[in-house]
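I opened the file to look up strand pairing, one helix packing and the unusual backbone values. My entries follow in the order in which I went through them.

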Amino acid sequence: MLKVGINAYGTIGKRVAEAITKQNDMQVTGVIKAHPNYMSYVASKRFKLFVPDNSALKAFENSGIKVEGTLENLMDDSELIIDSTPEGMGEEYKKIYEKKRIKAIFQGGEDHELTNLSFNAYANFKEAWGKDFVRVVSCNTTGLIRTLFPLTEYGSIKVRANLVRRATDPDDYQKGPINSIVPELKIPSHHGPDVASVIKGLDIQTMAVKVPTTLMHLHFVNVTFPREVKTEEIIEKWKKYRRIAFVSGKDGVKSTSQLMDIARETGRERSDLYEIMLWKDSVSVKGNELFYYQAVHQESDVVPENIDAIRSTFQLKEKQDSIDRTDKTLRIGELAYGR
Ligand SMILES: NC(=O)c1ccc[n+]([C@@H]2O[C@H](COP(=O)([O-])OP(=O)(O)OC[C@H]3O[C@@H](n4cnc5c(N)ncnc54)[C@H](OP(=O)(O)O)[C@@H]3O)[C@@H](O)[C@H]2O)c1
């Protein structure tokens with residue numbers, strides 16, 4: 001069993017930790033929290049709890065929440081660290097992991113240059129094979145890669161995608177609510193270059209706006225192919241990939257609210273939707289141009305990617321075997337039914 005430490009237990013870290021407990025080739029050695037609060041208490045009941053360094057010990061001691069030690073101790077007992085610390089902290093932590101000679105997987109809030117290896121299981125599983133440092137791309141970038149990678153079979157495609165981004169996550173009371181639509185004025189938004197760091201050479205431009213919702217992101221995507229294509233053949237291609245789930249307005253699924261309802265009603269843990277939800281009835285072809293809408297559950301779509309990245313860095317399983325195991329344990333693929 002590969003021993004994995006989680007630094008830190010936030011939106012992404014807690015989900016990756018839980019997903020690891022469902023695998024039979026890896027285990028969680030402990031999780032890090034920086035401040036003693038209700039979530040630290042919850043974490044301490046589920047996993048061994050650690051803190052970043054000695055300076056945090058006193059505050060935890062005063063709070064009465066039991067702590068096993070510091071990151072240093074967690075690393076002593078681990079073979080890999082999932083770094084799910086807040087955006088931008090990875091650079092400092094990477095120095096610590098390097099010094100300790102321990103492998104780490106970073107998240108999409110870090111720059112590609114931190115590891116020079118951005119990861120998506122479908123697109124480049126083998127590139128992370130045996131590597132020390134890997135970055136799993138962000139939720140939006142993961143969403144775009146999931147549906148675009150199958151289309152690269154057609155040769156050189158041109159992608160123009162618009163992203164409607166959730167303002168913040170549901171547990172965050174500080175950044176929201178915003179009563180505004182906030183355009184990302186830098187064009188392309190970082191998502192396009194990020195996708196191209198995984199699907200190398202892809203012609204992609206993205207624009208993004210932030211809106212007052214916490215549930216999901218929504219993308220509208222336009223792809224131009226080198227030849228004419230048919231709607232049915234595109235759908236058949238996507239159907240081979242379990243991490244894409246079809247839904248349909250004909251079944252009453254007309255918004256991100258209803259997607260979240262599907263997650264709740266099907267008993268998904270934390271109401272997570274690991275799949276990219278693609279509206280089948282939005283898939284339209286005009287000559288050699290394709291149009292579609294998809295939605296991304298930002299809190300969870302990167303979770304299976306982290307599990308596969310762990311297996312690739314430790315050469316535990318080949319690509320399809322890893323993806324199949326991850327999908328089975330997380331019930332990925334059960335939702336695909338949209339008309
Ligand atoms: N949320 C998303 O939608 C999403 C999606 C994909 C990728 N990502 C990426 O995943 C990464 C983590 O994001 P997140 O949303 O999970 O963040 P988050 O929910 O804010 O959690 C961050 C965690 O880091 C801890 N922390 C704070 N200061 C720390 C320190 N000095 N050392 C170690 N831990 C510290 C916090 O603990 P305390 O509460 O105790 O301070 C918290 O548990 C980022 O790179 C982000 O861009 C996020």
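Before placing loops I note what counts as an element: helices (H or I, at least four residues) and strands (E, at least two) are DSSP runs, numbered from the N terminus. The model I am reading is predicted.

**Entry 1: the open sheet**

I looked up the strand order first. Eight strands form an open sheet, ordered β4-β3-β2-β1-β5-β6-β8-β7, and the pairing is parallel. I then checked the ends of that order: β4 (69–70) and β7 (118–119) are the edge strands, each paired on one side only.

Inside the sheet I picked one pair. Strand β6, residues 103–106, runs parallel to strand β8, residues 133–136, and three bridges join the two. For a register point I took Ile-105, which stands opposite Val-134 in β8.

**Entry 2: strand β11 and its partners**

Which strands are bridged to β11, and in which direction does each run? I found β9 (residues 158–166) joined to β11 by nine bridges, in parallel. I also found β10 (residues 182–183), joined to β11 by two bridges and running antiparallel. For the register, Leu-163 has Ala-208 of β11 as its bridge partner, while Pro-183 stands opposite Val-209 in β11.

I then listed the two faces of β11, which spans residues 203–211. Ile-204, Thr-206, Ala-208 and Lys-210 make up the covered face. The uncovered face has Asp-203, Gln-205, Met-207, Val-209 and Val-211. Ala-208, the partner of Leu-163, is thus listed on the covered face, and Val-209, opposite Pro-183, on the uncovered one.

**Entry 3: α1 against α11**

Two packed helices are described by the angle between their axes and the distance between the axes. I looked up both values for helix α1 (residues 11–21) and helix α11 (residues 303–313): the angle is about 60°, and the axes lie 9 Å apart. Angles from 65 to 115 degrees would count as roughly perpendicular and those under 35 as roughly parallel, so α1 and α11 are oblique to each other. The crossing of α1 past α11 is right-handed.

I listed the contact residues next. From α1 they are Arg-15, Val-16, Ala-19 and Ile-20, and from α11 they are Val-303, Asn-306 and Ile-307. By class, this contact has five nonpolar residues, one polar and one charged.

**Entry 4: backbone exceptions**

Most residues other than glycine have a negative phi, and most peptide bonds are trans. I searched for departures from both.

Cis bonds came first. The peptide bond joining Asn-7 and Ala-8 is cis, with omega about 25°. Ala-8 sits in the loop between β1 (2–7) and α1. The bond from Ile-187 to Pro-188 is also cis, with omega near 0°. I placed Pro-188 in the loop between β10 and α8 (191–196).

Positive phi came next. Arg-101 is not a glycine, yet its phi is positive, near 60°. I located Arg-101 in the loop between α5 (90–100) and β6. Is Arg-101 buried or exposed? The cut-off for exposed is 12 or fewer other C-beta atoms within 10 Å; Arg-101 has 8, so it is exposed.

Arg-331 also has a positive phi, about 60°, although it is not a glycine. I found Arg-331 in the segment after α12 (319–329). Arg-331 has 16 C-beta neighbours inside 10 Å, so I logged it as partly exposed.

Conventions
Residues are numbered from 1 along each chain as its sequence is written. This is a predicted model: local features need pLDDT of at least 70, side-chain atom pairs count only at pLDDT 80 or more; totals for chains, interfaces and linings use all residues. Two strands pair if DSSP finds at least two bridges between them. A residue is buried if 20 or more other C-beta atoms lie within 10 Å of its own, exposed if 12 or fewer, and partly exposed in between; C-beta atoms are placed from the backbone. Axes are lines fitted to C-alpha atoms, for helices over the stretch in contact, and angles run from 0 to 180 degrees between N-to-C directions. Angles under 35 degrees count as roughly parallel, over 145 as roughly antiparallel, 65 to 115 as roughly perpendicular and the rest as oblique. A crossing is left-handed if the near helix is turned anticlockwise from the far one by less than a right angle, and right-handed if clockwise. Two residues are in contact if their C-beta atoms, placed from the backbone, lie within 7 Å. Ala, Val, Leu, Ile, Met, Phe, Trp, Tyr, Cys and Pro count as nonpolar, Asp, Glu, Lys and Arg as charged, and the others, Gly among them, as polar.
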